[in-house]
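User: I would like to learn how to read several features of a protein model, beginning with the spaces enclosed inside it. Could you take me through them one at a time, with the general idea before the particular case?

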Amino acid sequence: METTQIENIELKYLSADDYEELKQATLESYGGVLNSYWKKHHIEKLTTIFPEGQVVIKINGDIAGCALSLIVDYDSIDDDHTYADIIAGESFKNHNPDGDILYGIDVFIRPKYRGLRLGRRLYDYRKEICENLNLKSIVFGGRMPNYHKHKQFSPKEYIEKVKRKEIHDPVLNFQISNDFHPVRVLKGYLEGDTASSEYAVLMEWDNIYYTKPNKKASTVKTIVRLGLIQWQMRTYKSLDELMQQVEYFIDSVSAYRSDFAVFPEFFNAPLMAEYNHLHEPEAIRELAKFTETIINKLKELSISYNINIISGSMPEVVDDKLYNVGYLCRRDGSVERYEKIHVTPDEAKVWGMQRGNKLQTFDTDCGKIGILICYDSEFPELSRLLADEGMDILFVPFLTDTQNGYSRVRLCAQARAIENECYVAISGSVGNLPNVNNMDIQYAQSAVFTPCDFSFPSNGIKAEATPNTEMILVADVDISLLRELHSFGAVKNLKDRRKDFYDVIRVK
């Protein structure tokens with residue numbers, strides 16, 4: 001399926017009402033093999049005993065994939081168990097809400113939706129369930145569909161060769177790439193699985209956050225992982241070459257299960273080198289012609305890599321006027337636009353850049369965020385308006401040529417974190433572009449800033465990159481700490497404002 005056809009991706013709990021579509025999707029996924037699908041009473045039972053363990057991915061309202069799971073007490077399961085032992089003749093009597101293991105009993109992606117990394121999205125959901133329910137691990141019996149081609153090897157030898165990439169096995173390779181490791185070989189696991197010679201590999205993913213249950217109440221933390229790209233300005237021969245570098249960084253931060261990938265302001269400026277013979281206002285308008293293509297590609301990558309992408313900023317022409325804009329590409333396939341409200345004197349003088357008029361917060365699966373482009377971060381009124389709308393994280397893509405300019409962005413970003421009781425992440429470019437007029441040099445040190453209180457770093461710096469070096473910066477921020485700060489902080493910058501004496505209002 002073309003990603004341009006995707007309007008919405010949803011991960012939803014499976015319902016008995018989905019049964020007929022689920023049956024058809026299962027038959028398509030398993031090649032139409034009879035009895036490869038669950039009966040309706042099985043789905044009704046699963047969604048009753050463990051609703052959060054049964055999920056589907058829907059694309060434009062259609063089921064694209066499914067994952068079914070049980071919770072089991074692993075000590076009650078024999079090491080050499082079979083699939084039939086787990087599902088107990090499809091009665092699922094081994095499901096135990098007080099168990100310690102999440103056991104996967106089915107997962108598939110419909111053929112026409114393969115290639116979108118939806119399988120990884122289902123596996124990531126299982127990992128989140130495992131962590132949220134404080135279970136030790138995820139296990140399942142993994143098939144070895146190519147084993148029949150290599151029966152000269154023992155199952156153990158086959159697995160080792162797959163791990164060394166000497167043999168390709170689509171199932172095992174996928175599971176290993178998603179951080180599952182082989183535990184043991186299970187003989188006679190799935191009756192009739194001739195491709196695997198009825199062998200399976202018990203695969204396991206360990207929950208490193210698991211703690212032994214106790215009777216004390218605990219607060220569920222909401223952790224958001226930020227992936228900042230400190231982009232190196234360099235020469236690119238084409239848009240495809242630049243987007244190859246973009247995808248490399250998205251792949252890198254998504255490999256760490258980042259929730260956001262953040263690019264700097266004007267990261268696509270190297271493409272202006274081809275137009276350096278033109279006057280600067282004409283050259284940047286040529287650059288603006290790439291914006292739509294870049295955003296469509298970023299939307300595709302946000303879906304494929306299951307990550308929210310903040311595009312930094314790019315020039316865009318609207319009604320023959322030039323603006324500095326960016327796009328939020330959510331991993332559910334939706335896209336939203338933001339504008340630079342305050343353009344710098346240089347942007348106005350050299351390029352004829354116009355001031356934007358769009359300011360809003362954005363709802364994401366990681367909370368409410370705000371985005372201000374570079375110079376906008378130096379005007380506290382904007383972030384205060386966003387804070388009033390409930391912003392948790394402020395993202396600031398920037399581009400500064402000198403250390404003076406960088407210091408203005410950095411120091412103002414730190415102030416925004418304190419005064420608005422939020423996290424602020426700044427992401428900039430480094431290097432130089434000798435063949436692009438008005439974009440010669442860049443200076444940056446990307447960073448994540450926090451409020452200054454007891455639950456946060458005393459200096460308000462969560463993480464920072466090495467100055468003037470191409471790299472990624474990955475950092476976790478805990479949204480629940482902001483909730484505590486709002487009510488129990490040593491100072492309460494938001495609550496203690498004298499609205500009886502002054503206020504910040506938006507002009508209608």
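Analyst: A definition comes first: in sorting lining residues by class, Ala, Val, Leu, Ile, Met, Phe, Trp, Tyr, Cys and Pro count as nonpolar, Asp, Glu, Lys and Arg as charged, and the others, Gly among them, as polar. By that scheme the lining of the second largest cavity has 4 nonpolar, 1 polar and 3 charged residues. Please keep in mind throughout that this is a predicted model.

User: Which residues line the second largest cavity, and which strand gives the most to its lining?

Analyst: The general idea is that rolling a probe the size of a water molecule over the atoms shows where empty space is left. In this model the second largest cavity, with a volume of about 50 Å³, is lined by Arg337, Tyr338, Glu339, Lys358, Leu359, Gln360, Phe362 and Ile371. Strand 13, residues 335-339, gives the most to that lining, with 3 residues.

User: How many cavities of 30 Å³ or more are there, and what lines the largest cavity?

Analyst: The count comes to 2 cavities of 30 Å³ or more. The largest cavity has a volume of about 60 Å³, and its lining consists of Met272, Tyr275, Asn276, Leu278, Glu280, Ala283, Trp351, Val436 and Asn437. By class, that lining divides into 6 nonpolar, 2 polar and 1 charged.

User: What can be said of the second largest pocket, and which residues lie nearest its centre?

Analyst: A pocket differs from a cavity in being an open set of points, whereas in a cavity the probe fits but cannot get out. The second largest pocket holds about 490 Å³ of space and is lined by 24 residues, of which Thr344, Asp346, Leu399, Thr400 and Asp401 lie nearest its centre. Helix 10 (345-351), helix 12 (403-419) and strand 19 (441-442) each supply at least two residues of this lining, which divides by class into 9 nonpolar, 7 polar and 8 charged residues.

User: How many disulfides are counted, and why are cysteine 329 and cysteine 422 not bonded to another cysteine?

Analyst: A disulfide is a covalent bond between the sulfur atoms of two cysteines. The cut-off needed here is a sulfur pair within 2.5 Å, and by this rule the count comes to 0 disulfides. For cysteine 329 the closest cysteine sulfur, in cysteine 366, is 15 Å away, which is too far for a bond; for cysteine 422 the closest, in cysteine 452, is 12 Å away, again too far for a bond. Cysteine 329 is buried, with a relative accessible area of 0%, and cysteine 422 likewise counts as buried at 0%.

User: Which residues outside glycine have a positive phi, and where do they lie?

Analyst: Most residues other than glycine have a negative phi, and most peptide bonds are trans. Among the exceptions here is glutamate 90, whose phi is near 70° and which lies in the loop between helix 3 and strand 4; at 36% relative accessibility this glutamate counts as partly exposed. Aspartate 179 has a positive phi of about 75° and is found in the loop between helix 6 (170-177) and strand 6 (181-186), where, at 49% relative accessibility, aspartate 179 counts as partly exposed. Asparagine 306, just after helix 9, takes a positive phi of about 50°.

User: How far apart are the end C-alpha atoms of helix 9, and which of its residues are buried?

Analyst: One way to check a helix is to compare its end-to-end distance with the span expected at 1.5 Å a residue. The 14 residues of helix 9 (residues 291-304) should span 20 Å, and because the end C-alpha atoms are 20 Å apart, the two values agree. The buried residues of this helix are Thr291, Ile294, Ile295, Leu298, Lys299, Leu301, Ser302, Ile303 and Ser304.

User: Finally, where does UniProt place the CN hydrolase domain, and how far apart are the ends of that span?

Analyst: An unreviewed UniProt entry places the feature "domain: CN hydrolase" at residues 224-479, and such annotations may be inferred rather than shown by experiment. In the model, the end C-alpha atoms of residues 224-479 lie 7 Å apart, and the span is 29% helix and 29% strand.

Conventions. Residues are numbered from 1 along each chain as its sequence is written. This is a predicted model: local features need pLDDT of at least 70, side-chain atom pairs count only at pLDDT 80 or more; totals for chains, interfaces and linings use all residues. Side-chain values use heavy atoms; hydrogens and water are left out. Buried means under 20% relative accessible area, exposed over 50%, partly exposed in between (1.4 Å probe, protein chains only). On a 1 Å grid over the protein atoms alone, a cavity is a set of points where a 1.4 Å probe fits but cannot get out, and a pocket is an open set with protein on both sides within 12 Å along at least five of seven lines; lining residues have an atom within 4 Å of a point. Grid points are joined across faces, edges and corners, and a volume is the space filled by probe spheres set on the points. Helices (H or I, at least four residues) and strands (E, at least two) are DSSP runs, numbered from the N terminus. The expected span of a helix is 1.5 Å times one less than its number of residues.
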